[in-house]
Amino acid sequence: MNNIEFDKQHIWHPYTSSISPLPCYEVIGANGAELTFASGQHVVDGMSSWWASIHGYNHPRLNAAAHAQIDAFSHVMFGGLTHQPAVDLCKNLLSIAPAGLNRVFLADSGSVSIEVAIKMAIQYWACQGRQEKAKLLTPRGGYHGDTFAAMSVCDPVNGMHGLFRKTLIEHYFAPAPQIGFDSTWHPDEIAPMRDILEQHHHQIAALILEPIVQGAGGMRMYHPEYLKQCRLLCDEFDVLLICDEIATGFGRTGELFACDHADISPDILCLGKALTGGYLTMAATLCSEQVALGVCEGEPGVFMHGPTFMGNPLACAIANASIDVLLNSTWQNGNWQANIKRIETKLKQGLMPLAALESVADVRCLGAIGVVELKQAVNVADIQHDFISQGAWIRPFGKLVYVMPPFICSNQQIECLSQAIRYALTKHA
Ligand SMILES: *Cc1c(COP(=O)(O)O)cnc(C)c1O
């Protein structure tokens with residue numbers, strides 16, 4: 001049995017059927033912004049392995065950090081032990097994160113960092129004698145991960161809440177933000193959120209959202225004023241604000257953190273995906289001093305969470321190298337921010353013309369994210385075949401064809417991705 005055949009019969013892949021799985025392509029190498037398939041073909045990676053490999057593959061600095069740490073020690077438990085890579089990483093994160101965050105919980109995946117954030121928020125209010133504040137509030141259209149608490153705050157339709165109705169906790173949902181990043185703000189946009197808070201703030205521990213870009217729930221880019229207003233409402237109604245920057249953190253939207261577009265700080269911040277430059281699984285939940293102290297007042301006096309691989313030194317060492325490369329290397333256009341601007345300009349040039357196609361509902365680009373929203377859902381297997389024929393690795397979902405390329409992509413590689421999308425969409429138009 002060859003690899004593809006074994007895979008098809010025995011291995012689960014993300015969000016696919018065990019009965020009729022989507023085609024799978026075997027990777028035998030990855031370098032810079034390119035993947036190499038077993039067929040020998042090279043494709044430009046338009047996905048950064050789901051927002052993660054911002055510096056591309058096989059990066060010499062990240063490789064060196066990994067090798068050095070393996071030769072020292074790969075892992076030790078974090079209960080009662082600490083080490084230089086973790087201390088450096090937490091220093092790094094606190095120095096670049098939005099102001100006011102002061103404590104770091106190192107988690108092992110994005111979903112787990114969301115679980116941790118939710119537990120912190122609920123325990124915080126319980127320790128203040130407010131046990132009734134145990135629900136969450138979130139806009140529709142969100143995505144926060146696949147574990148149960150995370151799933152309970154994902155968009156109820158995309159997240160298939162119906163299927164798990166008897167198990168999932170029900171929370172409060174506000175309408176998804178409608179006003180785009182560059183559109184004109186109107187105060188009506190925030191009114192439903194205020195209504196829910198006015199009526200139910202006694203039951204609500206935290207408002208959780210993805211700042212500025214709603215990722216896997218619909219690739220929406222919304223107005224920074226919406227985020228500002230959410231911050232103000234949280235202050236007014238004594239509700240914590242949890243920002244999920246697992247997808248948007250580390251420069252993706254053109255600011256280091258999407259919160260920076262609105263100049264706000266959350267009470268709790270989740271980071272993941274690009275944290276280790278796409279090398280290893282690791283995430284972090286940061287919180288304010290007020291939350292950290294509040295959580296541990298009274299009984300039980302501790303925060304009850306501690307993954308086996310918490311603070312994994314190898315992941316920490318690579319994350320430190322990744323942050324250093326992002327902030328301190330010379331990019332093609334000067335600093336990292338000028339480089340993201342370059343990618344944004346290039347994506348706009350390549351994708352905006354597609355807005356004229358009959359099959360296209362909307363085209364939007366922000367930072368190193370380009371989205372073409374179609375009127376109908378695509379056939380993933382067919383369209384992916386077309387992308388690959390043009391040398392591009394792009395994985396659409398539903399009506400959304402989108403790219404978030406590694407930051408090291410050349411203009412030519414960005415053009416290859418845009419061209420592949422133009423080719424496939426005009427072919428199927
Ligand atoms: C991917 C993602 C998660 C979940 O992270 P995992 O590492 O896959 O568990 C949570 N929130 C957002 C915004 C994400 O994009």
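Start by selecting Lys273, which sits in the loop between β11 (268–271) and β12 (283–288). Keep in mind as you go that this is a predicted model. The UniProt record, an unreviewed entry, carries the annotation "modified residue: N6-(pyridoxal phosphate)lysine" for Lys273. Is Lys273 buried or exposed? Neither label fits: its relative accessibility is 32%, so Lys273 counts as partly exposed.

Now show what surrounds it. Setting aside neighbours within four places in sequence, Lys273 is in contact with Trp50, Trp51 and Ala52. Add Ile246, Ala247, Gly278 and Met282 to the selection, and you have the rest of its contacts.

**Backbone stops**

Next come three places where the backbone is worth a look. Most residues other than glycine have a negative phi, and most peptide bonds are trans.

Select Phe250, in the loop between β10 (240–244) and β11. Phe250 is not a glycine, yet it has a positive phi of about 70°. With 2% relative accessibility, Phe250 counts as buried, since the cut-off for that label is under 20%.

Move on to Ile212, which you will find in the loop between β7 (204–209) and β8 (213–214). Ile212 also has a positive phi, about 65°, without being a glycine. Its relative accessible area is 0%, so Ile212 is buried.

The third stop is Pro300, placed in the loop between α9 (289–295) and α10 (313–328). Display the peptide bond from Glu299 to Pro300: this bond is cis, with omega near -5°.

**Helix pairs around α10**

From that loop, carry on into α10 and bring up helix α3 (residues 60–72) alongside. The axes of α3 and α10 come within 9 Å and cross at roughly 150°. Because angles over 145 degrees count as roughly antiparallel, that is the label for α3 and α10. Their crossing is right-handed.

To see the contact itself, select Arg61, Leu62, Ala65, Ala66, Gln69 and Ile70 on α3. On α10 they meet Pro313, Leu314, Ala317, Ile318, Ala321, Ser322, Asp324 and Val325. By class, the contact of α3 with α10 has ten nonpolar, two polar and two charged residues.

Keep α10 on screen and swap in helix α4 (residues 84–96). How do α4 and α10 lie to each other? Their axes come within 8 Å and cross at roughly 40°, and α4 and α10 are therefore oblique to each other. The crossing of α4 past α10 is left-handed.

For this contact, pick Pro85, Ala86, Asp88, Leu89, Asn92, Leu93 and Ile96 from α4. From α10, add Pro313, Cys316, Ala317, Ala319, Asn320, Ile323 and Leu327. Colour by residue class and the contact of α4 with α10 divides into eleven nonpolar, two polar and one charged.

**Last stop: α7 and α8**

Finally, select helix α7 (residues 191–200) together with helix α8 (residues 224–236). Their axes are 11 Å apart, and the packing angle is about 15°. That makes α7 roughly parallel to α8. The crossing here is right-handed.

Which residues of α7 and α8 meet? Show Met193, Arg194 and Leu197 from α7, with Tyr226, Cys230, Leu233 and Glu236 from α8. Sorted by class, the contact of α7 with α8 holds five nonpolar and two charged residues, with no polar ones.

Methods. Residues are numbered from 1 along each chain as its sequence is written. This is a predicted model: local features need pLDDT of at least 70, side-chain atom pairs count only at pLDDT 80 or more; totals for chains, interfaces and linings use all residues. Side-chain values use heavy atoms; hydrogens and water are left out. Axes are lines fitted to C-alpha atoms, for helices over the stretch in contact, and angles run from 0 to 180 degrees between N-to-C directions. Helices (H or I, at least four residues) and strands (E, at least two) are DSSP runs, numbered from the N terminus. Angles under 35 degrees count as roughly parallel, over 145 as roughly antiparallel, 65 to 115 as roughly perpendicular and the rest as oblique. A crossing is left-handed if the near helix is turned anticlockwise from the far one by less than a right angle, and right-handed if clockwise. Contact means heavy atoms within 4.5 Å. Ala, Val, Leu, Ile, Met, Phe, Trp, Tyr, Cys and Pro count as nonpolar, Asp, Glu, Lys and Arg as charged, and the others, Gly among them, as polar. UniProt positions are given in the numbering used here, feature names are shortened, and annotations may be inferred rather than shown by experiment. Buried means under 20% relative accessible area, exposed over 50%, partly exposed in between (1.4 Å probe, protein chains only).
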